[in-house]
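Me: Could you walk me through this one before I set anything up? I'd like the two chains first, then the fold.

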Number of protein chains: 2
Amino acid sequence: MADLPPSVRIVEVGPRDGLQNETQFVPTEAKLKFIEALRSSGLSEIEITSFVSPKAIPQLADAAEVIKQVTARGGCRYSALVPNERGLDRAMAAGIERMAVFTAASETFARKNIRMTVAESLATFGPLVRKALDAGISVRGYVSTSFVCPYEGAISLQQVSEVSQAMLDMGVDEVAISDTIGAAVPSDVTSLMEHLLDTIPAERIALHFHDTYGTALANVVAGLQMEIATFDASAGGLGGCPFAPGAAGNLATEDLVYLLERMGISTGVGLQKVLHASDVVAKALGRELPGRQWKRWHCSQC
Amino acid sequence: MADLPPSVRIVEVGPRDGLQNETQFVPTEAKLKFIEALRSSGLSEIEITSFVSPKAIPQLADAAEVIKQVTARGGCRYSALVPNERGLDRAMAAGIERMAVFTAASETFARKNIRMTVAESLATFGPLVRKALDAGISVRGYVSTSFVCPYEGAISLQQVSEVSQAMLDMGVDEVAISDTIGAAVPSDVTSLMEHLLDTIPAERIALHFHDTYGTALANVVAGLQMEIATFDASAGGLGGCPFAPGAAGNLATEDLVYLLERMGISTGVGLQKVLHASDVVAKALGRELPGRQWKRWHCSQC
């Protein structure tokens, strides 16, 4: 396999995308322990919480506490999802250094998930991103349902590039092109990347896969072959999406690290250490995790 | 993704590679129902049993009964694994039309699994294959641990090509290059295929993946990109290997069909019908199956 990126940046989203989908509230102390275990594994960017309404997602009601209490940094960048002006005020008061905003390529998904049209969401995020940037907070932008929408089916390449470009124009430094329900296959990734790379540089694109149908790693390789070098993942394969019927967990960080390191692509992340971090959250949740490495590791410990 | 094969032949190995690893004996009647459900899904080749010693693998002690009783064919080719002369005699008496022989690229794995050196296994299979061919029985050859051996680690490309060539020289019509413990990553597949294709035509190579670490579909795509068009799979992801520490189930047939059909590569296999076949065997076993499509399908039925 020629011309793959020599190294990959992994954006860990377990504490946010993972824990927001759990039925139970993980105590702040356990969250902090989980985040610290992730950081010490070598991960350089972790999305640790979300400033959504605590009524909508009570699992992350302690967002401000979490942000205030993560002190160890050691080269790691912590970020938080921010959905609106109110969230931004709370996030800024807590002292975030990086944030993420979230829209969709699918109109129906946007309406059901964030209760705005795509255009409304972009209009909402524009001032938010400006305010954040003015305060020295960097911003990434999620484009969810970039491949398949659970309501609309296949999404047009043009829709994804328009939304992505609009987000980049407002100042996000990268767009996370997301396969929210995990239905994408490698040829979808190739087609969409070919289209996006016409106008967007590869270093502005991250790929965010869920592993519903076992295609996530195959999709990562398709992304690598298109020179994409940033991938989101979630320790142990935590995750899913309560608003997306059929969505399973995110691609597991350990599974991604295994694939990449075995392919000679450096991640800076220690596989065993991520497994230990997953164990921290698995114990807090009292349940098994879906990641393959995690399952095998636990099986070998039985 | 340019130049992928327009269609793929799937060799279903669930009734053999899957059921041989179960702790319980599935009644002959249930096996026949499972095989018929697989056949009616459009699968054109199914490895349905093994003529190993019933003492070693009691789960398949009814091999002769299974062969004798599968009557519906409708374009489907049934095969059986045959490990030795005694097995061949039983298989021929039962009336097989196709068989598989099995060796390894790793010396240690061969010694532990089939209690022969690789050279001894080839010397054993030579006369067996000749006898089968003389009787009008076609033969495929498995080369297990072609990527990573649980005892020796990485296997050299040269070892795999020598064993593969020896099998082809004795008259097998295809070699199933097998990742017995599911440790391969796509770059391994590319390297090995580049090496093998120097001397062996693509149509003589099948790829047989286990999905231990979630890399199986990524490996399939790497194989497709090297023009390989035959892949083994197992309904619901049945399988594993009792002699290979850490080996999980085979790549699930449904997961493979989903990936290929979504990529525009025809398989002739109906996804829903394979799911129904998996359900037949899941009910017989009284347990859940690991395949992703199967899990999602069941989840949606709860």
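Reply: To begin with the superposition, copies are laid on each other by least squares on the C-alpha atoms of residues with pLDDT of at least 70 in both. This is a predicted model, in which local features need pLDDT of at least 70 and side-chain atom pairs count only at pLDDT 80 or more, while totals for chains, interfaces and linings use all residues. Residues are numbered from 1 along each chain as its sequence is written, and chains are lettered from A and ligands numbered from 1 in the order in which they are written.

Me: ok, what turn and what shift lay chain B on chain A?

Reply: A turn of 180° with a shift of 0.0 Å along the axis lays chain B on chain A, and the RMSD is 0.0 Å. The two copies are thus related as by a two-fold rotation axis. The same surface serves both copies, since 100% of the contact residues of chain B recur in chain A, where two residues are in contact if their C-beta atoms, placed from the backbone, lie within 7 Å.

Me: Which residue of chain B comes closest to the rotation axis?

Reply: That is B:Ala218, whose C-alpha is 1.9 Å from the axis.

Me: And how many residues does the contact take from each chain?

Reply: The contact takes 23 residues from chain A and 23 residues from chain B. On the chain B side, helix H8 (186-196), helix H9 (216-225), helix H10 (253-262) and helix H12 (292-301) each supply at least two residues; helices here are DSSP runs of H or I with at least four residues, strands are runs of E with at least two, and both are numbered from the N terminus. The residues of chain B that touch chain A divide into ten nonpolar, nine polar and four charged. In that count Ala, Val, Leu, Ile, Met, Phe, Trp, Tyr, Cys and Pro are nonpolar, Asp, Glu, Lys and Arg are charged, and the others, Gly among them, are polar.

Me: Is H9(B) buried or exposed?

Reply: Ten of the ten residues of H9(B) are buried, so this helix is largely enclosed by the rest of the structure. A residue is buried if 20 or more other C-beta atoms lie within 10 Å of its own, exposed if 12 or fewer, and partly exposed in between, with C-beta atoms placed from the backbone. The buried residues include B:Ala218, B:Asn219 and B:Gln225. H9(B) is followed by B:Glu227, which has a positive phi near 70°.

Me: Switching topic: what do the strands of chain B build?

Reply: They form a closed barrel of eight strands with parallel pairing, in the order S1-S2-S3-S4-S5-S8-S9-S10, and two strands pair if DSSP finds at least two bridges between them. From one strand to the next the twist averages 30°. Strand S1 (residues 9-12) of chain B pairs with strand S2 (residues 45-50) of chain B in the parallel sense over two bridges, and B:Glu12 has B:Ile46 as its bridge partner in S2(B). Four bridges also join S1(B) in parallel to strand S10 (residues 230-233) of chain B, where B:Ile10 stands opposite B:Phe231.

Me: Which strands does helix H5 of chain A lie across?

Reply: Helix H5 (residues 107-114) of chain A lies across S4 and strand S5 (138-144) of chain A, running at about 125° to S4(A). Axes are lines fitted to C-alpha atoms, for helices over the stretch in contact, and angles run from 0 to 180 degrees between N-to-C directions.

Me: What about B:Arg16, buried or exposed?

Reply: B:Arg16 is buried, because 27 other C-beta atoms lie within 10 Å. This residue lies in helix H1 (residues 14-18) of chain B, and, not counting residues up to four places away in sequence, B:Arg16 touches B:Glu47, B:Ile48, B:Thr49, B:Ser50 and B:Leu81.

Me: Last one, what are the overall dimensions of chain A?

Reply: The C-alpha atoms of chain A fill a box of roughly 50 × 45 × 35 Å along the principal axes. Buried residues make up 57% of the 302 residues in chain A, and twelve helices and ten strands are found there. Among contacts in chain A with a separation of 6 or more, 74% are between residues 24 or more positions apart.
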